[in-house]
Amino acid sequence: MVRKVILDCDPGHDDAMALLMAIASEEIDLLAITTSAGNQLPQKTFENARKLLALAKREDIPVAAGAAKPLRRELIIADDVHGESGLDGADLPIPTTSKLSISANDLIAEILKESTEKVTLIATGPLTNIAIFILSHPELKEKIELISFMGGACFGGNMTPEAEFNIYVDPEAADIVMQSGVPLAMFGLDVTLKAQLFDTDIKEIREIGNDVAKTMADLLDFFNLTTTVPFWADNQHVEGIHMHDPCAVAFVIDPTIFTTYLMHVEVETSNTLALGSTVVDYDNVFKKDKNVAVSFDLDLQKFRKLTMDTMKFFDN
Ligand code: BDR
Ligand code: CA
């Protein structure tokens, strides 16, 4: 079944793979891309999304910029991971189409209003735009099939000991999404740290030889430099690059790649040690509504194949 999808992203190296995966899949009809501030400043993530569409020769897909900053906090960016441009490491083509002036919020609303089918939202950055949409258009919530998002963690963060980057950047937005009543699927660090590609995979991607694959290999080589290795790793340990964001797309394409469990999840929004963490009621202690399908594991071989198929899809 082909799903109608809007991708909200902050490219971002792993966002780039997520975006290309959505374009390449026969299971996804990618209606639009909206961009969030996150990995880099909002004007950079917007331009990066446009450049990626130029690379994929799909500039017919509309791109709209979202909020310039989180709902209530100052923006924190991840230039230590994604570089000065947000997509350091590769030369990307200059977009040939003019920029749309419609906002992310208006574009999402327009598409959902007009769609006769429900639309799936995939979010791979901070959840600011999705929260704004939910708050401003509650009447359209029922048109959302699912929000599949990369963010959070049940066990251990990457921004603080508890919090993952996307949720930490805009915890209030994440809280609104979590309490929205819309079906949610969460791809947090518990699973995305297992979605690894290794040097041999990057080499294989480069050897596919089309422009998209060669550019993606350049991006992944850069991403490799900023990949963190777990504290417990010994000399023998080889840590791959973490394909966080493609997990949220891969689930929409083929849910059998992942195991998920319905659980109650809340976001810590007060300025405590745990700010921005997703509190996942792993053991159903609170006995509250199970609002999120949380993923902990994936079939890495299937995921890897989907990634390679994505790269092979693009001809020169
Ligand atoms: C998330 O943070 C960003 O840097 C990545 O693009 C991903 O969405 C991982 O914590
Ligand atoms: Ca991202």
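In the predicted model described here, Asp309 and Lys305 are both located in helix 12, where a spacing of 4 residues places them about one turn of the helix apart. Their side chains meet in a salt bridge, with an N to O distance of 2.7 Å. Asp309 is classed as partly exposed, because its relative accessibility is 34%, a value that falls between the 20% and 50% limits used for the buried and exposed classes.

Helix 12, which spans residues 300-313, also contributes Arg304 to a contact between distant parts of the chain, the partner being Asp201 in helix 9 (residues 199-208), 103 residues away. In this salt bridge between Asp201 and Arg304, the closest N and O atoms are 2.6 Å apart. The two partners fall into separate accessibility classes: Asp201 has a relative accessibility of 5% and therefore counts as buried, whereas Arg304, with a relative accessible area of 21%, is partly exposed.

In total, 16 salt bridges are counted in the model. Another of these pairs the side chains of Glu84 and Lys44, with an N to O distance of 3.6 Å. Because Glu84 is located in the loop between helix 3 and helix 4 (104-114), while Lys44 belongs to helix 2 (residues 42-55), this pair ties together parts of the chain that are 40 residues apart in sequence. Glu84 is exposed, its relative accessible area being 57%, and Lys44 is partly exposed at 25%. Salt bridges also link Glu47, Arg50 and Lys99 into a network. As a general matter, side chains of opposite charge can pair when their charged atoms come close.

Turning to the open spaces of the model, the largest pocket encloses about 790 Å³. Its lining is made up of 34 residues, and those nearest the centre of the pocket are Asn158, Leu193, Thr228, His242 and His244. Four helices, namely helix 3 (79-82), helix 6 (165-169), helix 8 (189-192) and helix 11 (244-253), each provide at least two lining residues, and the largest share, amounting to 3 residues, is that of helix 3. When the lining of the largest pocket is divided by class, 14 residues are nonpolar, 13 are polar and 7 are charged.

The second largest pocket holds about 180 Å³ of space. Its lining consists of Met1, Arg3, Glu27, Glu145, Leu146, Phe251, Val252, Ile253 and Pro255, with strand 5 (144-150) and helix 11 being the elements that give two or more residues to it. Helix 11 accounts for the largest share of this lining, with 3 residues. The class composition comprises 6 nonpolar and 3 charged residues, with no polar residue present.

Preceding strand 5, the loop that connects it with helix 5 (128-136) contains Leu140, a residue that counts as buried because its relative accessibility is 6%. The C-alpha atom of Leu140 is separated by 9.9 Å from that of Lys118, the two residues being 22 positions apart along the chain.

At the surface, Val279, Val285 and Phe286 form a nonpolar patch whose combined accessible area is about 290 Å². Of these residues, Val285 is situated in the loop between strand 11 (278-280) and strand 12 (292-298), and its relative accessibility of 60% is the reason it counts as exposed. The loop between strand 11 and strand 12 also carries Asn284, which adopts a positive phi of about 55 degrees although it is not a glycine. Asn284 has a relative accessible area of 23% and is therefore partly exposed.

Further backbone features were identified elsewhere in the chain. Lys57 is a residue other than glycine with a positive phi, in this case near 55 degrees. Lys57 is located in the loop between helix 2 and strand 3 (63-65), and its relative accessible area of 58% places it in the exposed class. A cis peptide bond, with omega at about -15 degrees, joins Pro11 and Gly12. Gly12 itself belongs to the loop between strand 1 (3-9) and helix 1 (13-24).

Terms used
Residues numbered from 1 in each chain as written. Chains lettered and ligands numbered in written order. Predicted model: local features only at pLDDT ≥ 70, side-chain atom pairs only at ≥ 80, totals over all residues. Heavy atoms only, no water. 1 Å grid on protein atoms, 1.4 Å probe; cavity = no way out; pocket = protein on both sides within 12 Å on 5 of 7 lines; lining within 4 Å. Points joined across faces, edges and corners; volume = space filled by probe spheres on them. Nonpolar A, V, L, I, M, F, W, Y, C, P; charged D, E, K, R; others polar. Patch = residues over 30% accessible without salt bridge, like charges linked within 9 Å, V, L, I, M, F, W, Y side chains within 5 Å. Areas by Shrake-Rupley, 256 points an atom, 1.4 Å probe, with all protein chains shown as cover. Salt bridge = Lys/Arg side-chain N within 4 Å of Asp/Glu carboxyl O. Buried < 20%, exposed > 50% of the residue type's maximum accessible area, 1.4 Å probe, protein only.
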